[in-house]
Every structure is written in C-alpha cells, then in structure tokens.
Amino acid sequence: MELTIDRLSRQFGSHIAVDRVSARLTPGVYGLLGANGAGKTTLMRMVCGVLRPTSGSILLDGRDIQALGDHYRARLGYLPQDFGYYPDFSALDFMLYMAALKGIDRKRAKTAALELLDLVGLGGAARSKVRTFSGGMKQRLGIAQAVLNDPDVLVLDEPTAGLDPKERVRFRNLISSFSQDKIVVLSTHIVSDVEYIADEILVMRAGAFVMQGAPGAITAQVEGRVWECSVPAAMADALAERFTVSNVHYASDGQAVVRVVSDAQPAPGARAVAPTLEDLYLYVFRDAKGITDEGDHASRNAAELRGFVGRARGVGRGGEER
Amino acid sequence: MRRLVSGRRNAVRAEKLLREHYVAERAGVLSPSERAVAIAECVDAVEYALTCNDVGSEAVGSVGRAGAERAASERHANEATGYELESSRGRYGGSLGSASGFSRTCSAKTRSASPSFFSFVAFQARAIPARIWIAQAALIAFVLWVCALEPAEGFVNCVAAALGAIVAGLGVPIVMASRLYRMAELESACRFNCRSVAAARMVVIGSVDVLVLGAAACIVPSLTNAYALAFAMYACVPYFAVCAGSFAVSRRARGFSAMAVSVMLSLVAIGVCVLLQRVFPWVYGPAAVGAWAIAAAVAGVWLAREAHMFLCTAAEGIDAFGCLGRFAYNEKGCDVSWS
C-alpha cells in the first residue's frame with residue numbers, strides 16, 4: 001500500500017498554505033512537525049479529501065483519491081484538530097453515528113464502539129452526554145472514532161492535545177500497535193509524541209517540507225549545534241535573549257545549566273552535546289531574533305566597534321586641542 | 001483454591017507471553033512457524049485462565065477477555081488454515097488492549113458489510129432529536145385549533161401559508177446541522193460524507209414535512225370551508241421559498257448560522273403572509289388561485305435547484321461554503337470549478 005502526495009498545493013487567496021509538497025508514504029508512522037501556520041492541518045485535510053487542492057494530486061496505490069471517492073474514505077480514519085458534536089449525543093451515540101457514516105454494520109458497530117470506548121478510558125462514560133465531557137475526554141472520543149473502521153490510512157491532527165501524560169503514553173502504545181500495516185500520519189507540537197514511535201519525521205515550514213527522514217537521521221543534522229554551558233544565573237537570561245535556549249536548570253549554588261541551540265559556541269566553556277528531536281525543532285523554527293546567530297553577533301560587534309571608534313576620535317580631538 | 005491459583009497464574013503467564021511475543025513480533029525475530037507456536041501457547045494460557053475463574057479473567061482484562069474468547073473460537077474453527085496467522089495480531093492486540101486487534105477480528109466482517117443508502121437514511125431519521133417531531137405534532141395541533149376557532153376561508157388560507165413557512169423554518173436547520181455543530185469536517189472524511197448526510201436529512205425532513213402539510217391539508221378542510229388542494233398549495237409556496245432561500249444564503253455565507261437564516265426567512269415569510277391577508281385579502285380568494293399555482297411551481301423549481309447545488313457544495317469540502325463570487329458551477333452536472 002502506498003500513498004503518494006504529488007506536488008500538492010493549496011492557496012487561500014494570495015496566501016500559499018501548502019507549496020508543492022511531495023511525499024511517498026508506505027505503512028508506518030509519520031510524524032508531521034511544524035510551527036503554527038506551517039500548513040500541517042491544510043495538508044492533512046487534503047489527504048483526507050476534506051479540502052480540495054489547488055493543484056497536485058494524492059494517489060492511493062496509483063489511483064487518485066478524488067476518483068476513488070467513498071472507496072478511499074472507507075479506508076480512512078481522521079481526527080481533526082477541532083471537532084464538534086451533536087448536543088443530544090452520548091459518547092455511545094456519537095460512536096454509533098460515526099460507525100453509520102463509516103459504513104459499519106449496525107450489529108458490529110455497538111460491540112466495536114463499546115470496546116473502543118473502554119480502550120480509551122471512556123467505558124464508564126459511554127452513556128454520558130458529550131457536552132459534559134472535558135477537553136481530554138472529547139479528544140479520546142475523537143481518537144476512538146478515528147480507528148473505528150480499522151482504517152488503512154489514519155490521519156490524526158494534534159491527537160494528544162488536552163491529554164495528560166498517562167493518556168499520552170496510552171495513545172502512543174495504541175498507535176504503535178496499530179500501525180503495523182497501516183499508514184499513520186500524525187501532526188503535533190509535542191515532539192515526544194512522535195520521537196519514540198515515528199518511523200519517519202516530516203518537518204514542515206511555510207507550506208513545504210524542509211526535512212524528511214528517520215528521527216535519528218534528521219536529528220543528526222543539528223549535530224554540533226546544541227550546546228550546554230554552566231553560567232551564572234544572571235547570565236542565563238542574557239543568553240536566552242540572544243540565543244535559542246531549549247532548557248535552563250537553575251542550581252542552588254547560583255549557577256545555571258543552559259542548553260542552547262546555536263550554530264556557534266554561545267559562551268566560553270560551552271560543550272557540544274547530542275541533539276534531540278526537540279533541539280532540531282527549535283533549530284528549524286527559531287524566531288527572527290535568532291535567525292542567524294553569527295549575523296546577530298557580528299552586527300552587534302560592529303555597532304560596538306563604531307561606538308568605540310566614535311568615542312576614541314572624540315577623546316583624541318580633545319587631547320589635540322589641549 | 002487450586003483452580004483459583006492456577007487460573008491467576010495462567011493469566012499472568014498469558015499476559016507475559018503475549019507481551020514477550022508481541023515485542024519479538026515487532027522486532028521481526030519470530031519466523032512464521034514460531035509465531036504460530038507462540039499464538040497457540042498464548043491462547044491456551046488465556047483460555048485456561050478464563051475457564052478457571054473470574055479472578056483469572058480479570059487479570060487479562062475485560063478488553064483482552066473478549067478478544068481472547070473470540071480469538072480462541074476462531075482458532076478452533078480455523079486451525080487447519082493460515083487464517084490463524086492473520087488473526088494472531090488480533091489475539092495479541094486483544095490481550096494487550098490494542099484497538100487494532102479488535103478492529104481486525106471484526107474488520108473483515110464490518111468492512112465487508114456494505115449498508116445501503118436506505119439504511120443510512122433510516123439511521124439519520126433515528127439521529128434527529130425527538131423535539132423536532134414533538135414540535136411538528138404540536139404545530140399541527142395548534143393549526144387545527146386556530147382554524148377551528150376562525151373557519152373563514154381567507155383566514156384559513158393565510159394560516160396554511162404561515163404553516164408552510166414555520167414547517168420550513170423547523171426543518172431546514174436539521175439539514176444544515178453538520179455546519180451548525182461543527183461536524184462537517186469529521187463527516188466529510190467518512191464513507192457517507194457531508195453530501196450523503198445532507199441528502200439523507202433532506203429525504204427524512206422532506207418526507208415528514210410532506211406528511212405534516214398533507215395531514216393539515218386533509219384535516220383542516222373537514223373543520224372549515226377550505227379546499228384541501230388549495231390549502232396544500234397555499235402552504236407549498238412559502239415552504240418552497242423559505243427552504244430555497246435558506247439553502248441559497250447558507251451556501252454563500254461563510255460562518256453564517258443556518259438556524260438564524262432559516263428562522264429569519266421563516267419569520268419574514270409569515271409576516272408577508274399576514275400582511276397580504278390584512279392589506280390584500282383577495283390574494284387568498286378564488287381569483288388568485290392560478291397565481292398561487294404558478295408561484296408554487298416556480299418556488300418548487302427554485303427549491304429543486306438550490307437543493308441540488310447545496311448537495312454539490314457539500315461534496316466539495318469544508319471551505320466550499322461561503323465562496324461568494326469565487327465558485328462557479330457547471331450547471332450540466334455537479335462539476336465545480338474555482339474561478
């Protein structure tokens with residue numbers, strides 16, 4: 001089974017949300033990482049046929065998903081980033097409704113629905129109204145409905161939003177066991193959600209894939225760009241202003257251990273450490289104030305130098321006059 | 001006591017075996033024959049645990065129990081075939097609480113069953129809240145009561161027109177409920193997508209509305225001097241117009257509340273009907289029957305067109321609604337093109 005994304009684009013007015021994205025997905029787990037506005041949700045919506053692309057195509061085993069129509073959607077499971085519910089539905093009603101939409105036989109639907117609700121920890125709330133659910137409960141309900149029809153292609157948009165750590169671990173185990181012969185694409189801001197289960201990471205920025213590969217392989221691209229240094233606590237704030245800092249640990253002796261993502265050594269004595277996927281994320285999506293550390297450093301040095309020269313000329317002139 | 005201990009021990013052993021073999025399976029270190037042996041061991045352990053006592057089965061877990069029972073019966077039935085290997089993942093999954101296991105054990109049966117659109121329509125009818133049916137019934141009762149109080153022909157015809165507008169105002173939001181309750185994105189990705197859902201609801205609501213208006217058209221003439229056919233015609237014009245107008249506005253207005261549109265149009269239609277009855281009472285007399293018939297035909301054609309285009313828009317995705325001036329239809333079919 002292969003899902004091919006071929007030069008897919010989506011434009012909203014003059015804004016290009018997805019820019020000629022291509023990928024070939026085979027059974028496994030794909031983590032889609034990107035900042036807000038990178039185009040992840042738009043891409044996922046197009047993969048699910050919820051949004052029409054402006055150009056390009058998506059093929060499942062060589063056939064366009066638009067042509068496949070309901071045959072494709074019958075093999076699809078989707079959890080949107082945000083979804084509503086009909087106000088009179090209980091959790092079980094919701095699952096049975098989704099089962100009907102997915103074309104599941106009514107007799108089997110109830111059994112499968114109850115089992116899945118039990119699996120995601122909502123077994124005791126099956127008869128409760130969805131409007132009484134917390135955000136995490138609603139999210140778990142969404143996960144349950146996404147796998148209801150045992151889809152071959154499972155697309156999950158921010159599936160762990162609102163879940164506590166125990167539920168996130170349960171979710172990871174569920175996806176791991178589920179993905180043996182399926183294509184699972186999940187987008188997240190929480191790097192740890194995909195770090196351990198993803199076979200391939202797709203890093204998306206400004207509507208395009210900027211990195212693609214196994215977690216270990218792409219993390220190696222920031223080898224030598226992640227530093228740890230022990231500095232006085234007061235200096236830690238200054239470092240945070242100048243560089244992309246992934247972690248600061250304040251010790252009781254007034255020192256702080258700072259983990260910095262930077263092309264150049266951020267402070268004397270800083271040592272390079274092994275990068276993680278989170279470091280990669282921070283490196284790719286570092287903000288404007290740290291776009292190029294060398295550039296910032298150089299421009300700051302140049303300004304100081306000009307000031308020094310200016311002051312020096314002023315002193316010299318005064319000395320000459322005397 | 002011995003069975004209790006044995007049952008618990010076997011349940012623990014079963015779970016441990018399953019975990020070990022699951023990890024090995026994931027690592028790909030088991031050959032197919034080794035996998036089959038592993039499956040047999042696991043199932044035997046789980047079966048024994050289940051037959052012993054509830055303590056044993058609790059250790060496996062309620063989720064694992066159902067999966068193991070099903071898997072055990074499948075193994076006995078399919079021992080000579082290669083199906084055992086296919087269902088092996090189900091047994092792993094069931095006992096470890098994996099959704100995939102349960103889905104696989106029933107997916108071949110659930111996915112192969114292909115419910116018809118008729119059964120889907122029937123399900124949509126069950127999904128519509130009971131308050132809608134109660135409101136429809138209450139409306140009929142109210143109309144009958146009002147007509148019995150004032151049986152004059154002109155007044156009854158005005159009530160018929162108002163009834164048509166109210167029935168439309170009650171029913172159209174149900175058709176658009178997917179957008180109203182933010183379910184459109186979820187439904188769009190399903191086998192029966194938004195278009196199917198909207199079409200099914202149109203069938204259900206339309207059928208019920210026909211029954212309501214038909215019942216009123218049959219009963220009211222027996223209480224008054226009105227004619228059944230004329231009553232139905234006076235009801236149809238505002239009904240068709242409100243429905244068509246609601247579909248037209250909802251299709252073009254992004255984020256507009258379908259319920260608000262429908263209620264507003266319904267109130268406007270009621271106001272126009274009442275105004276006509278006060279200012280131009282001859283409009284509801286015999287002289288204007290022909291005009292009402294023509295208006296009903298035109299409104300009916302308009303409704304058919306707007307309903308068709310609404311369904312086409314629903315099939316185009318969640319951002320197809322509200323594309324005023326940017327969305328062009330090919331009237332020959334449902335092929336739409338971005339302009």
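These are my notebook entries on a predicted model with chains A and B, starting with chain A.

**Entry 1: confidence in chain A**

I checked pLDDT before anything else. The mean for chain A comes out at 84, and 89% of its residues reach 70 or more. I then looked for the weak stretches. Over residues 288–310 of chain A, pLDDT stays under 50, and the model has 11 contacts beyond four places in sequence for that stretch. Residues 312–322 of chain A also stay under 50, and here I found 0 such contacts. I'll read both stretches with care.

**Entry 2: chain A overall**

I counted elements next: chain A has 12 helices and 14 strands. Of its 322 residues, 44% are buried. I also looked at how far along the chain the contacts reach. Among contacts in chain A with a separation of 6 or more, 66% are between residues 24 or more positions apart.

**Entry 3: the annotation and the domains**

I looked up the UniProt record for chain A, an unreviewed entry, and it puts "domain: ABC transporter" on residues 3–231. In the model, that range of chain A is 34% helix and 30% strand, with its end C-alpha atoms 49 Å apart.

The domain assignment gives me two pieces of chain A: domain 1 (3–219) and domain 2 (221–303). Their C-alpha centres lie 35 Å apart. I wanted to know what touches what. The contact draws 11 residues from domain 1 of chain A and 10 residues from domain 2 of chain A. On the domain 1 side, at least two residues each come from α8 (191–195), β9 (200–205), β10 (208–213) and α9 (215–219) of chain A. I noted that α9(A) gives the most to that side, with 3 residues. By residue type, the domain 1 side splits into 8 nonpolar, 1 polar and 2 charged.

**Entry 4: a small sheet in chain A**

Which order do the strands take in the open sheet of 4 strands in chain A? I read it as β12-β13-β11-β14, with antiparallel pairing. The edges are β12 (244–250) and β14 (271–272) of chain A; each has a single partner strand, so one side of each is left without a neighbour in the sheet.

I zoomed in on one pairing. Strand β11 (residues 226–232) of chain A is joined to β14(A) by 2 bridges, and the two run antiparallel. Within this pairing I found E228(A) opposite R271(A), the latter in β14(A).

**Entry 5: over to chain B**

For chain B, I went back to UniProt, again an unreviewed entry. It lists "transmembrane region" at residues 130–148, 154–177, 198–220, 226–249, 256–277 and 283–304 of chain B. I checked two of these ranges against the model. Residues 154–177 of chain B are 96% helix and 0% strand, and the end C-alpha atoms are 36 Å apart. Residues 226–249 of chain B are 92% helix and 0% strand, with 34 Å between the end C-alpha atoms.

**Entry 6: one residue of chain B**

I picked A315(B), which lies in helix α15 (residues 289–315) of chain B. Why does A315(B) count as partly exposed? I found 18 other C-beta atoms within 10 Å of A315(B), and a residue needs 20 or more to be buried and 12 or fewer to be exposed, so that count falls in between.

Last, I took a distance. A315(B) and A160(B) are 155 residues apart along the chain, and their C-alpha atoms are separated by 35 Å.

Conventions:
Residues numbered from 1 in each chain as written. Chains lettered and ligands numbered in written order. Predicted model: local features only at pLDDT ≥ 70, side-chain atom pairs only at ≥ 80, totals over all residues. pLDDT = per-residue confidence, 0-100. Contact = placed C-beta atoms within 7 Å. UniProt positions renumbered as here; feature names shortened; annotations may be inferred. Domains from an automatic or database assignment. Nonpolar A, V, L, I, M, F, W, Y, C, P; charged D, E, K, R; others polar. Pairing = 2+ DSSP bridges.
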